[in-house]
Amino acid sequence: MENLTRQINTILSKELQALIYFLGRCSQRGSYKIYAVGGFVRDLLLGRENNDIDLVVDGSAVDFARSVLEIMPGTLRCYERFGTATLTLPRGTVFDMVTARKEFYAAPGALPTVEQSTLRNDLFRRDFTINTMACALNPLEFGKFYNFFGGLKDLREGIIRVLYKLSFIDDPLRIIRAIRFEQRFGFRIEKESFSLLKKAIENRAWEKISKERLYKEVRLVFREPKPSKVLARFAELNMFKNIFPRLTFSRELKNRLERLEQLLAEILIEKTFTNWSYSVLFLSALFYDLSEHDVRYFCYLMRLKRKERQNLLYVWENLPIVLPQLKNRMTGASNLYFLLEKMPEEGLLLAMVLDPDLLVREGIYYFCKHLLNKKPSITGKDLLKAGLEPGPIYNKILTKLHEAVLEGKISGRREEMEFVNMFLKG
Ligand code: ATP
């Protein structure tokens, strides 16, 4: 294969094609050479579109990114020291740009020293051969395919192979990445690479990576189509206990995650739930049976953000109380509302996974579709305007009003006002 123009023109959306041709023209204006590399090219050859595009820029990536931004709206983050830039365009396409460079690992796990160099050198520092292919984007050689390390053959044969023996030692995160790709694509890790991977695990290679980097990579597992398979593989390779100490990857836990994946496949189509995060959802499922002490320990270990930690702990603490009540047929609309009002969406989803009872599912869907936005139009301001002395009575009235609206006893502003007046009178 010599040229990928046909794949670009047939597999990518028209919008992405236009962006890519546009970037190519920008590079020509500034006499840069730019190449799409890594996952984008791999996915293109697999017939898939990938909206996170890695570019290698021959010339300065930072200067090139700035020159694009002069013509195109978007946001830019530059790391001058590393010669890298991330350009995010309004519709969410992300271009990660690096200056073509050669990398030396001063010490295993240390940050790389940057030095200008060629495309080939840049590709050599990548994780697996399937991620080392490149495609030129500048107009004079648009679509030209570069395959220095046999990536195409490995991709066609479904093989994950490191580029050199010390790869997993230089960057132990590649252990996790190898397993992610193996499970995502149903590929196999090549024999020698696999024995290097196992040796790196035996030697506890990842102990030298910072927790930030380690858990950032671990979180990507939850965005895979089947996280349960990746985690099962971690367990099989004796890694699970290192990533999640004090947690056992039991058959029951695997089943729970599989049910969660099934549920996600449904909800991603129908869009009732839009405000949840993969990490909090999967971690809530993983940590549900742990003690509070252990959950808090993981929040710290994984460096969860404040909001993530709050949601995770809320679910852990309250779902065991809420879940049995969801199965009570006598729960009225307002009780259902106040039961679920504060529960993060991750908790609502997990409830349906933990208890397959139809009543649980119906209750949650009823809450989301019919109760969540059913609020009285009258607020505290209206009570103030009506001359009511501010105090605890406000809360009492507004709650009673909300209950009546939820129960369908009143609707519309006039009836709400009447309700408030009646309440005050008697
Ligand atoms: P995904 O489809 O999961 O986004 P990707 O291959 O695009 O996969 P990214 O994490 O976006 O993965 O990384 C982009 C590219 O950077 C990869 O294709 C790979 O070439 C390189 N890369 C990422 N992480 C590493 C690493 N730890 N070691 C070496 N190369 C890496």
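Me: Two strands are said to pair if DSSP finds at least two bridges between them. In what sense, and over how many bridges, do β1 and strand β8 pair?

Reply: This is a predicted model, in which local features need pLDDT of at least 70 and side-chain atom pairs count only at pLDDT 80 or more, while totals for chains, interfaces and linings use all residues. Residues are numbered from 1 along each chain as its sequence is written, and side-chain values use heavy atoms, with hydrogens and water left out. Strands of a sheet pair through backbone hydrogen bonds, in either a parallel or an antiparallel sense. Strands (E, at least two residues) and helices (H or I, at least four) are DSSP runs numbered from the N terminus. Here β1 and β8 (residues 134–136) pair in the antiparallel sense over 3 bridges, and A36 has C135 in β8 as its bridge partner.

Me: Which strand do 5 bridges join to β1?

Reply: That strand is β2 (residues 52–58), which runs antiparallel to β1, and the bridge partner of K33 in β2 is D58. Buried means under 20% relative accessible area, exposed means over 50%, and partly exposed lies in between, with a 1.4 Å probe and protein chains only. Of the 5 residues of β1 (residues 33–37), 4 are buried, so this strand is largely enclosed by the rest of the structure.

Me: In what order do the 7 strands of the open sheet come?

Reply: The order is β3-β4-β5-β2-β1-β8-β9, and the pairing is mixed. The edges are held by β3 (75–79) and β9 (145–146), each with a single partner strand, so one side of each has no neighbour in the sheet. Elsewhere in this order, β4 (residues 84–88) and β5 (residues 94–99) pair in the antiparallel sense over 5 bridges, with M97 in β5 as the bridge partner of A85.

Me: At roughly what angle do the axes of helix α11 and helix α13 cross?

Reply: Axes are lines fitted to C-alpha atoms, for helices over the stretch in contact, and angles run from 0 to 180 degrees between N-to-C directions. Angles under 35 degrees count as roughly parallel, over 145 as roughly antiparallel, 65 to 115 as roughly perpendicular, and the rest as oblique. The axes of α11 (residues 227–236) and α13 (residues 251–270) come within 8 Å and cross at roughly 155°, and the two helices are therefore roughly antiparallel to each other. Where they are in contact (heavy atoms within 4.5 Å), P227, S228, L231 and A232 in α11 meet K254, L257, E258 and E261 in α13.

Me: Which residue in the loop between α12 and α13 should I look at?

Reply: Most residues other than glycine have a negative phi. R246, which lies in the loop between α12 (240–243) and α13, has a positive phi near 75° although R246 is not a glycine. At 46% relative accessibility, R246 counts as partly exposed. K271, in the loop between α13 and α14 (278–287), also is not a glycine and has a positive phi of about 65°, and K271 is exposed, with a relative accessible area of 59%.

Me: Which residues in α21 are buried?

Reply: In α21 (residues 392–406), the buried residues are Y394, I397, L401, H402, A404, V405 and L406. What covers them includes α17 (333–340), α19 (358–371), α20 (380–385) and α22 (413–425). After α21 comes G408, whose phi is positive, near 75°.

Technical notes. The expected span of a helix is 1.5 Å times one less than its number of residues.
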